[in-house]
Amino acid sequence: MARKATATKSKAQSNIPELTKEEELYAFREMLLIRRFEEKAGQMYGMGLIGGFCHLYIGQEAVVTGITMSTKLGEDAQITGYRDHGHMLVMGLDPKGVMAELTGRKGGLSKGKGGSMHMFSNEHRFYGGNGIVGAQASLGTGLAFASKYRGEDTVSITYFGDGAANQGQVYESFNMAKLWKLPVVYVIENNRYAMGTSLERAASTTDLSQRGVSFGIPGEQVDGMDIRMVKDAAERAIEHARSGKGPYILEMLTYRYRGHSMSDPAKYRSKDEVTTMRSERDPIEQVRKRILEKNYASEDDLKEIEKDVRAIVTEAADFATNDPEPDTSELYTDILID
């Protein structure tokens, strides 16, 4: 059975896992970097500096941060959909390269040719940024197959959203992963609205952590707004997969503050709902409050972290604005001809 750690239940728990001082401060900085980066990306999109699609991660920062804290960084693979900027930042990719890819510049992670939906770093074991809904489920399963085939002690962390959870290729992947006991953790980032339709209107069963039951895959429903719960669940799931027991499903109950993409006005939900989530469940503010209450740092210390983060984001934005566009000859490179 799935272990549930919903927002309502977590408040009543007395055994909520705690983070160390170092972990709290690390989580605060990483989540703040994602938040400020995404806010700047939104501004640059509005100025016309970023074209095409742009999907922001604002509100969901605790998910990728808590999970990445539980991985072997640089060894375990991660793959996700197009809401991917935060994943790259917390995995250690250069913010300048991420932002430059958004603006289509030469110094971008994909040489300015992929944009928001097609970023990749084999060095960091980050495999996208995939534009096709649900495609990363089968690709992430393939990464897990490669790990097992090569005898590596690594896990594939495969993220997809509540909308993608209804895709057929997801269930084909579940079947193969369980059949071959592949080291993969499927992370369903349930932000409630997919591309604009609430989960209740799109799915006959809304407990997505149980979608693997028919294949014998265990799952948990986790409070994805509390980084403590995310990290705790991720450690269990990753250990399960790494120890040879096969796949595991984590449904992260999270929330995005912005629309599906920058072109989405998000009129399918009320402003009060968004305001309530921001004021009561914001993942960064929860960490900030704990840090101050436990005297892990002072207000001035946190302001210094904020200042450093803003400087990094400003540097990334300046680079992405002034870096030259790729030469036209790049149109003919990185093309696979069979």
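This report covers model confidence, an annotated span and the packing of helix α2 against three other helices.

## Model and confidence

The structure is a predicted model, in which local features need pLDDT of at least 70, side-chain atom pairs count only at pLDDT 80 or more, and totals for chains, interfaces and linings use all residues. Residues are numbered from 1 along each chain as its sequence is written, and side-chain values use heavy atoms, with hydrogens and water left out.

The chain has a mean pLDDT (the predictor's confidence in each residue, from 0 to 100) of 93, and 96% of its residues reach 70 or more. Over residues 1-13 pLDDT stays under 50; for these residues the model has 26 contacts (heavy atoms within 4.5 Å) beyond four places in sequence.

## Annotated span

An unreviewed UniProt entry lists residues 30-327 as "domain: Dehydrogenase E1 component"; such annotations may be inferred rather than shown by experiment. In the model this span is 46% helix and 11% strand, and its end C-alpha atoms lie 34 Å apart. Helices (H or I, at least four residues) and strands (E, at least two) are DSSP runs, numbered from the N terminus.

## α2 with α5

Helix α2 covers residues 21-46 and helix α5 residues 95-102; their axes come within 11 Å and cross at roughly 25°. Axes are lines fitted to C-alpha atoms, for helices over the stretch in contact, with angles from 0 to 180 degrees between N-to-C directions. The two helices are therefore roughly parallel (angles under 35 degrees) to each other. Their crossing is right-handed, meaning that the near helix is turned clockwise from the far one by less than a right angle.

Phe37, Lys40, Ala41 and Met44 of α2 meet Pro95, Val98, Met99 and Leu102 of α5. This contact has 7 nonpolar (Ala, Val, Leu, Ile, Met, Phe, Trp, Tyr, Cys and Pro), no polar and 1 charged (Asp, Glu, Lys and Arg) residues; the others, Gly among them, count as polar.

## α2 with α12

The axes of α2 and helix α12 (residues 299-322) come within 9 Å and cross at roughly 40°, again in a right-handed crossing. Among the residues in contact are Leu25, Phe28 and Arg36 of α2 and Leu302, Glu306 and Thr321 of α12. By class, this contact divides into 13 nonpolar, 1 polar and 5 charged residues.

## α2 with α3

Helix α3 (residues 61-68) and α2 have axes that come within 10 Å and cross at roughly 135°. That angle makes α2 oblique to α3, the class left after roughly parallel, roughly antiparallel (over 145) and roughly perpendicular (65 to 115). The crossing is right-handed.

Ala27, Glu30, Met31, Ile34 and Arg35 of α2 make the contact with Glu61, Ala62, Val64 and Thr65 of α3. These residues divide into 5 nonpolar, 1 polar and 3 charged.
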